[in-house]
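Let's work through some exercises together, step by step. Keep the sequence and the 3D view open while you read.

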Amino acid sequence: MRIFSGIQPTGRKHLGNYIGAITQYVAGQDRGEAIYCIVDLHAITVAYDRDELRDRLYDTTAILLAAGLDPGRCILFRQSDVKEHTELCWLLANVTAYGELSRMHQFKDKSAEQKDFVSAGLFFYPVLQAADVLAYQTNEVPVGEDQKQHVELMRDIAERFNSRYGQTFVVPEHRIPEIGARIMDLQTPDRKMSTTGGTELGTLYVLDEPSAIERKFKVAVTDSGTEILRRQDKLGITNLIEILASVRQVTPESVEKEFGGSGYAAFKQTVGEAVIDCLAPVRERYEAIRPDESTMETVLAEGADKARAIASKTVAIARERMGIGPR
């Protein structure tokens, strides 16, 4: 089985990124052939600072390596280093309908934030994302719940291409974690945790110091009750239950049973301590890895060579099927 996923290099990685994506990446190394891409081309579809982009790419690479990605057991590379992604994107654009792209929730949300200028690249984002995945004949795409619509579109694109030009692409399946697929803001638990639209105290970063993590959980929003149960009217406590279950790798039901009579203050302290223990090794390894940009460049370059060897074969087949270039 081949697994592929991409991660944005923009912004600091928060707890939702870690639980919903990065831990899945690490686990994927034991379940199949794992390929992971830092998607710098996707990052330039919205306003950005070019110098900061490179710094954030190294930040992201260091976090992934610190979290447990092993270049000997997976392929880790920078998207822009493998030009087959952009070529395949253009080929797939011709089996993608304008109407399909206009219905993408993320385009609507992100374009609303870009008040002065909305790039065509932002509109085209899902087609490049489809190329990222389909270039590797991917069986499984580990994603958060917010990316489900994009995976459904790439499935439609693959099936349409196969129908028109003959069997070419594997039709991928998404893999969404049963627990922690959508970690919410600690201050506004009706909104997903985010580096751009989140609150200062509600967004918990992977590299936060233990004191900051403790403080953010201490003031996390719950409700006026005392029951530690997942319910629609208890979004804050439901989020905390999901977080603790995720970092402990247990079921939410077991968390509810264990802390049924604890009270909110003690429960929040326990969740904070569990998150501190979970993230401490990552932060320590990150501090050792991040200064060595040369080694990270070597890892990314070697990964790109391996990725290109796979993607080039797929693109060659797609070109031939479409009648592009010499026979």
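## Exercise 1: strands side by side

Tyr36 has Leu76 as its bridge partner in strand 3. Strands and helices here are DSSP runs, numbered from the N terminus: E with at least two residues for strands, H or I with at least four for helices. Before going on, note that this is a predicted model, where local features need pLDDT of at least 70, side-chain atom pairs count only at pLDDT 80 or more, and totals for chains, interfaces and linings use all residues. Residues are numbered from 1 along each chain as its sequence is written, and side-chain values use heavy atoms, with hydrogens and water left out.

**Task.** Work out how many bridges join strand 2 to strand 3, and in which sense they run, parallel or antiparallel.

**Solution.**
- Step 1: Two strands pair if DSSP finds at least two bridges between them.
- Step 2: Strand 2 (residues 33-38) and strand 3 run parallel, joined by 5 bridges.
- Step 3: Now look at the pairing of strand 2 with strand 1, which is also in the parallel sense, over 6 bridges. There, Gly6 is opposite Cys37 of strand 2.

## Exercise 2: inside or outside?

**Task.** Find out how many residues of strand 3 are buried, and which way they point.

**Solution.**
- Step 1: Get the cut-offs straight: buried is under 20% relative accessible area, exposed is over 50%, and partly exposed is in between (1.4 Å probe, protein chains only).
- Step 2: Count. In strand 3, 5 of the 5 residues are buried, so the rest of the structure largely encloses it.
- Step 3: Recall the usual pattern: side chains in a regular strand alternate between the two faces of the sheet.
- Step 4: Check the directions. Ile75 and Phe77 point one way from strand 3, while Cys74, Leu76 and Arg78 point the other way, and all are buried.
- Step 5: Try strand 1 too. Here 5 of the 6 residues are buried, so strand 1 is also largely enclosed by the rest of the structure.

## Exercise 3: a cluster of rings

**Task.** Which residues form one aromatic cluster with Tyr136, and how do the rings sit?

**Solution.**
- Step 1: Rings of Phe, Tyr and Trp (its six-membered ring) pair if their centres lie within 6.5 Å; planes under 30 degrees apart are stacked, over 60 edge-to-face, and the rest tilted. This rule gives 8 aromatic pairs.
- Step 2: Take Phe4 and Tyr136. Their ring centres are 5.2 Å apart and their planes are at 10°, so this pair is stacked.
- Step 3: Place them in the chain. Phe4 is in strand 1 (residues 2-7) and Tyr136 is in the loop between helix 7 and strand 4 (140-142), so the pair ties together parts 132 residues apart in sequence. Both Phe4 and Tyr136 are buried.
- Step 4: Move on to Phe77 and Tyr136. With centres 6.0 Å apart and planes at 55°, the pair is tilted. It links Phe77 in strand 3 (residues 74-78) to Tyr136, 59 residues apart.
- Step 5: Phe77 has 0% relative accessibility, so it counts as buried.
- Step 6: Put it together: Phe4, Phe77 and Tyr136 form one aromatic cluster.

## Exercise 4: empty space

**Task.** Which residues line the largest cavity, and which helix gives the largest share of the lining of the second largest pocket?

**Solution.**
- Step 1: On a 1 Å grid over the protein atoms alone, a cavity is a set of points where a 1.4 Å probe fits but cannot get out; a pocket is an open set with protein on both sides within 12 Å along at least five of seven lines; lining residues have an atom within 4 Å of a point.
- Step 2: Searching the whole structure turns up 1 cavity of 30 Å³ or more. The largest cavity holds about 50 Å³ of space, where a volume is the space filled by probe spheres set on the points, and grid points are joined across faces, edges and corners.
- Step 3: Its lining is Met104, Gln106, Phe107, Lys110, Leu122, Tyr125, Pro126 and His150. Helix 6 (105-113) and helix 7 (120-134) each supply at least two of the lining residues.
- Step 4: The second largest pocket holds about 530 Å³. Of its 17 lining residues, Ile19, Thr23, Ile179, Ser246 and Gln249 are the closest to its centre.
- Step 5: Helix 1 gives the largest share of that pocket's lining, 5 residues.
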